[in-house]
Amino acid sequence: MADADHKIPSTMVDGNTLVAMCLARAGVDKMFGVVGIPVTTLANRAVALGVRFIAFHNEQSAGYAASAYGYLSGRPGVLLTVSGPGCVHGLAGLSNAQINSWPMVMISGSSEQSCVGRGDFQELDQVAAVKPFSKFSAKATDVSKIPSSVFSVIDWAVAGRPGGTYLDIPSDVLRHTVEVSEAERLITEALNSTDKDLILKPEVNHSKIQKAVELLRKAERPLIVFGKGAAYAKAENELTKLVESTGIPFLPTPMGKGLLPDTHELAATAARSLAIGKCDVALVVGARLNWLLHFGEPPRWSKDVKFVLVDVCKQEIELRNPSLGIVGDAKDVVEMIHKEIEDDPFVLGKNHPWVEDIKRKVKDNVAKMEAQLVKDVVPFNFMTPMRIIRDAISGMGSPAPILVSEGANTMDVGRAVLVQTEPRTRLDAGTWGTMGVGLGYCIAAAVAEPDRLVVAVEGDSGFGFSAMEVETLVRYQLPVVVIVFNNGGVYGGDRRNPEEITGPHKDDPAPTSFVPGAAYHILLEAFGGKGYLVGTPDELKSALDESFSARKPTVINVTIDPYAGAESGRMQHRN
Ligand code: ADP
Ligand code: MG
């Protein structure tokens, strides 16, 4: 028995209970993880205090879930792992949170402090291991340090630019006991001594707001770009007011999609190259000028473009050295810009040449894409099933499902074809281009937003990273429909030139190949979920119809022509 309750008098609590009490006190309502030595009791105690524990098969997926939960809920997603290898597996999620600027706390048990350096069970210097992947860490070296450690990792995760933090709790500390009254005193003391400034939003410099408005007012070709930082800040209403009162076209990054609907008349998404190539002032809100935005440099951007960067992180602004940088919360800053404009309004009228150019280009590009989409191509290419999925999702209305997307061609084509109409309804490979996030993100989305259906559109390779978590979907009966674009491998079929296929292992399958026709739908049925194998438009339509109304764990295995699409999707030049 992992639980040692019978040994603890009722006037005492052990470290496990104290951690659980602190988590509950800090408002943690969900925890993701894998139990085992030494954290099983901790998980049970947290559940007993009202925290929902979602138990995974692998810490990697649980960690991805915690990272996405942080993004969707605005509160740190918490990952619980065992020591040593559990902590190492969890680094995948922790680093993903850190890179995406999402709040997450990883809590790992660690080996006995008295055995350190002597090869204890699962011994690892975990605080050192997490260092490159987190912005703050704490080790509770004594049971009395638990409350202050728990509250500080939670505050640090959301402070400033959100990110990953780590809490290390040695096994002996989890076992040690204190009087209940002492536990309460420690919690109160820790709460009273937390640094309140840490989680304050930065104060916005008003003269910079005036400068931003001046730049936008004088611009001939202004553009508003926003990303997942603006989504995290819940800046959708403020951005909508700003866009609609000024008539300035907007461009979301992939996860910024939906803050304003993709179908909005000022959406420049389908004219992205023109919009970024020609704009003269770009107000960039909660989005980094990194590889996803071509570093803000020519030839993709004009060399004369003036950037107004809004970011909660001062270092980010210093790094990019824009014409104007405003440190602040996206929602606050956009609201202030809008208010400042209201005093002396300006609007790019319907016949404004820049707006007309963008609208024309959007219309042309949409027409071109629709021409490709209308044809039913069988065996399926990427376009035909994506159109059918798009139409099925649109048919659902509000609340829109949360879309989870990963893969190469599957994600690229999906980003262009699938329509986002509500904020924070898209989760994809993100800043790091992380593959393997799929099932973790699905599970996080389902528990974070129980009213929404979750629809994952994934390549077969992306799906494979976390496929065993389909059992987790069934166990918790989550409303998740996973659609696997199955083209038999990474990028699809064997694309090597014949002269590359040589040497003693030439008869092995290509490094990109999986078993052709893999029956991923049966994988889910092994656990009692519902699986479909589809290869035609009618089969796909009926599988979507049924599964969207059933709202039960489902895998739809879509057979795709292994030679459709390009190797590496849109990233071919890098492979
Ligand atoms: P995307 O991938 O959508 O372009 P990024 O992750 O590159 O988005 O950028 C998000 C940016 O948003 C980060 O630089 C982060 O510091 C910033 N950010 C996070 N939270 C906020 C907030 N509340 N207000 C403003 N900016 C924020
Ligand atoms: Mg594939």
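Author: Contact here means heavy atoms within 4.5 Å. The model under discussion is predicted.

Reader: With which residues is T17 in contact, leaving aside its neighbours within four places in sequence?

Author: Those residues are R45 and L49. T17 itself belongs to helix α1, which covers residues 15–25.

Reader: Is T17 buried or exposed?

Author: T17 has a relative accessible area of 15%. Buried means under 20%, so T17 counts as buried.

Reader: Let us turn to the metal. Which residues coordinate the magnesium ion (ligand 2)?

Author: The ion is held by D460 through OD, N487 through OD1 and G489 through O, at 2.0 to 2.1 Å. Along the chain, these donors follow the spacing D-x26-N-x1-G.

Reader: Where do D460 and G489 lie?

Author: D460 is in helix α19 (residues 460–465), whereas G489 is in the loop between β17 (480–486) and α21 (520–525), so the pair ties together parts that are 29 residues apart in sequence.

Reader: And are D460 and G489 buried or exposed?

Author: Both of them are buried.

Reader: A change of scale, please. How is the protein divided into domains?

Author: Domain 1 spans 12–199, domain 2 spans 206–361 and domain 3 spans 375–574.

Reader: How far apart are the C-alpha centres of domain 1 and domain 3?

Author: These centres are 32 Å apart. Where the two domains meet, 22 residues of domain 1 are in contact with 26 residues of domain 3.

Reader: What area is buried between domain 1 and domain 3?

Author: About 2,100 Å² is buried between them, and carbon and sulfur atoms give 65% of that area.

Reader: How many salt bridges and polar contacts are there between domain 1 and domain 3?

Author: The rule finds 0 salt bridges across this interface. The count of residue pairs in polar contact, with both residues at pLDDT 80 or more, is 9.

Reader: Which elements give two or more residues to the side of domain 1 that touches domain 3?

Author: They are β2 (30–33), β3 (52–55), α3 (59–73) and α4 (85–100). On that side of domain 1, α3 gives the most, with 8 residues.

Reader: One last topic. How many residues of helix α17 are buried?

Author: Helix α17 (residues 409–417) is mostly covered, with 8 of its 9 residues buried. Among them are M411, D412, R415 and V417.

Reader: What do the buried residues of α17 pack against?

Author: Their packing partners are the helices α15 (353–374) and α16 (383–394), together with the strands β14 (402–406), β15 (426–427), β16 (454–459) and β17.

Technical notes
Residues are numbered from 1 along each chain as its sequence is written. Chains are lettered from A and ligands numbered from 1 in the order in which they are written. This is a predicted model: local features need pLDDT of at least 70, side-chain atom pairs count only at pLDDT 80 or more; totals for chains, interfaces and linings use all residues. Side-chain values use heavy atoms; hydrogens and water are left out. Donors are N, O and S atoms within 2.8 Å of the metal (3.2 Å for Na, K and Ca); water is not among the atoms, so sites may look incomplete. Helices (H or I, at least four residues) and strands (E, at least two) are DSSP runs, numbered from the N terminus. Buried means under 20% relative accessible area, exposed over 50%, partly exposed in between (1.4 Å probe, protein chains only). Domain bounds come from an automatic or database domain assignment. Buried area is the accessible area (1.4 Å probe) that two parts lose on being put together, summed over both. A salt bridge is a side-chain nitrogen of Lys or Arg within 4 Å of a carboxyl oxygen of Asp or Glu. A polar contact is a pair of N or O atoms within 3.5 Å; within protein, one must be able to donate a hydrogen and the other to accept it, and residues adjacent in sequence count only if both atoms are side-chain atoms.
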